[in-house]
2 protein chains.
Amino acid sequence: MRQGEYICYNWAVPDKSAITEMERLFQGLADRTRLRLLNLMADQEVCVCYFVEILELPQPTISRHLGYLRRTGLVAARREGRWMHYRISVPRGRLARQLLMDTLRWLAADKQMQRDRSRLTRACCAQDKFVNLQGAPVPQPVREGVGERRSI
Amino acid sequence: MRQGEYICYNWAVPDKSAITEMERLFQGLADRTRLRLLNLMADQEVCVCYFVEILELPQPTISRHLGYLRRTGLVAARREGRWMHYRISVPRGRLARQLLMDTLRWLAADKQMQRDRSRLTRACCAQDKFVNLQGAPVPQPVREGVGERRSI
DNA sequence: CCGTCATATGCGCCAAGGCGAATATATTTG
DNA sequence: CAAATATATTCGCCTTGGCGCATATGACGG
């Protein structure tokens with residue numbers, strides 16, 4: 001994988017029927033940790049080390065859940081040197097997109113989710129306070145339309 | 001349970017945080033059979049025997065999935081004599097409701113789902129053609145606002 | 001009350017999913 | 001190339017979920 005290129009594991013979906021897509025989407029969303037991850041990515045591209053710092057979960061746990069999200073096509077990943085950046089991969093279909101947006105709105109309304117978000121903001125602004133974030137790339141706002149899904 | 005009364009198993013949700021509600025909602029939606037069931041209930045209250053007839057799955061399978069849906073609060077049940085009627089239980093929260101509506105819209109756009117629906121329509125109009133539907137109550141359009149969730 | 005019909009539930013089996021711990025991989029730096 | 005860093009994957013364990021099958025429950029009719 002070349003640097004700066006987004007990837008998405010759509011190859012894992014041999015049956016492309018809408019019903020299978022929905023099943024997989026909901027399976028991807030049906031976990032508290034993954035919802036928290038998505039919430040943090042709602043409008044930013046975020047580096048893995050921040051997830052580990054903010055969610056206070058073991059790094060392999062974070063990585064595994066990001067893997068699930070990748071495989072269900074919900075997020076895309078980009079490598080930058082040692083760092084991996086994750087961002088939400090907006091579905092192409094209108095109805096699927098609508099559904100994901102509703103989910104993100106709902107997440108944004110939740111107390112714990114707001115807490116996670118503000119912790120992320122603080123971590124970015126005072127990066128030097130976090131021993132595990134030294135030199136970590138700051139989350140970048142997602143440019144609309146960039147990084148849309150590309151199958152590999 | 002008295003006849004004609006709707007029930008919903010919200011008791012199964014001790015932690016009422018939004019995140020738990022979302023997790024449970026998505027778990028409920030993350031199965032092909034349950035999506036097909038919800039699609040058939042989109043704007044009608046439907047009796048179990050129709051589900052068995054239309055989905056062509058064993059009755060215990062149907063019943064178990066209806067049980068999951070009941071326990072996640074996605075549907076409500078009403079008894080009428082020997083028959084059980086199921087209908088979608090619209091969430092109270094605006095964002096959750098929005099999400100469910102989008103899901104139903106998405107289902108309605110799917111080919112297989114449309115096939116299920118038209119099979120249901122046909123079964124209702126020619127009930128006598130189906131040996132397992134003799135005398136079964138015909139699905140009734142859902143009256144808006146009736147049968148909203150009530151915890152027990 | 002007994003049989004029947006509609007539906008629900010229990011049981012055993014297998015596959016999938018989540019977790020902690022250890023280890024592997026990829027990239028940069030010296 | 002070796003060491004360090006960031007991230008991913010593997011393994012073993014346990015829990016959950018779905019299924020087929022058998023059986024239980026609940027309501028009605030005779």
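Which atom of A:Met84 lies 3.4 Å from a phosphate oxygen of DNA strand D? It is a backbone N or O atom of A:Met84, and the legends below place this contact among others in a predicted model.

In this predicted model local features need pLDDT of at least 70, side-chain atom pairs count only at pLDDT 80 or more, and totals for chains, interfaces and linings use all residues, while side-chain values use heavy atoms, with hydrogens and water left out. Residues are numbered from 1 along each chain as its sequence is written, and chains are lettered from A and ligands numbered from 1 in the order in which they are written.

**View 1. The two protein copies, chain A and chain B, are related as by a two-fold rotation axis.** A turn of 180 degrees with a shift of 0.0 Å along the axis lays chain A on chain B with an RMSD of 0.0 Å, where copies are superposed by least squares on the C-alpha atoms of residues with pLDDT of at least 70 in both. Among the residues of chain A, A:Phe26 comes closest to the rotation axis, its C-alpha being at 2.6 Å. The copies meet through the same surface, because 100% of the interface residues of chain A are also interface residues in chain B; contact here means heavy atoms within 4.5 Å.

**View 2. Helix 2 and helix 4 of chain A are roughly perpendicular to each other.** The axes of helix 2 (residues 32–40) and helix 4 of chain A come within 10 Å and cross at roughly 80 degrees; axes are lines fitted to C-alpha atoms, for helices over the stretch in contact, with angles running from 0 to 180 degrees between N-to-C directions, and angles of 65 to 115 degrees count as roughly perpendicular. Helices (H or I, at least four residues) and strands (E, at least two) are DSSP runs, numbered from the N terminus. From helix 2 of chain A, A:Thr33, A:Arg34, A:Leu37 and A:Leu38 meet residues of helix 4 of chain A that include A:Ile62, A:Leu66 and A:Leu69.

**View 3. DNA strand D is surrounded by 24 residues.** A residue is near a strand if one of its heavy atoms lies within 4 Å of it, and those that come nearest are A:Gln59, A:Ser63, A:Tyr86, B:Arg64 and B:His65. Of the atoms of DNA strand D that come within 4 Å of the protein, sugar and phosphate account for 57%. Polar contacts (pairs of N or O atoms within 3.5 Å) to phosphate oxygens of this strand include a side-chain atom of A:Tyr86 at 2.5 Å and a polar side-chain atom of B:Arg34 at 2.9 Å.

**View 4. DNA strand C is likewise surrounded by 24 residues.** The closest residues are A:Arg64, A:His65, B:Gln59, B:Ser63 and B:Tyr86, and sugar and phosphate account for 59% of the atoms of DNA strand C that come within 4 Å of the protein. Base oxygens of DNA strand C lie 2.5 Å from a polar side-chain atom of A:Arg64 and 3.1 Å from a polar side-chain atom of B:Arg64, whereas a polar backbone atom of B:Cys49 is 3.1 Å from a phosphate oxygen.

Notes
Polar contact = N/O pair within 3.5 Å; in protein donor to acceptor, adjacent residues only side chain to side chain. Parallel < 35°, antiparallel > 145°, perpendicular 65-115°, else oblique.
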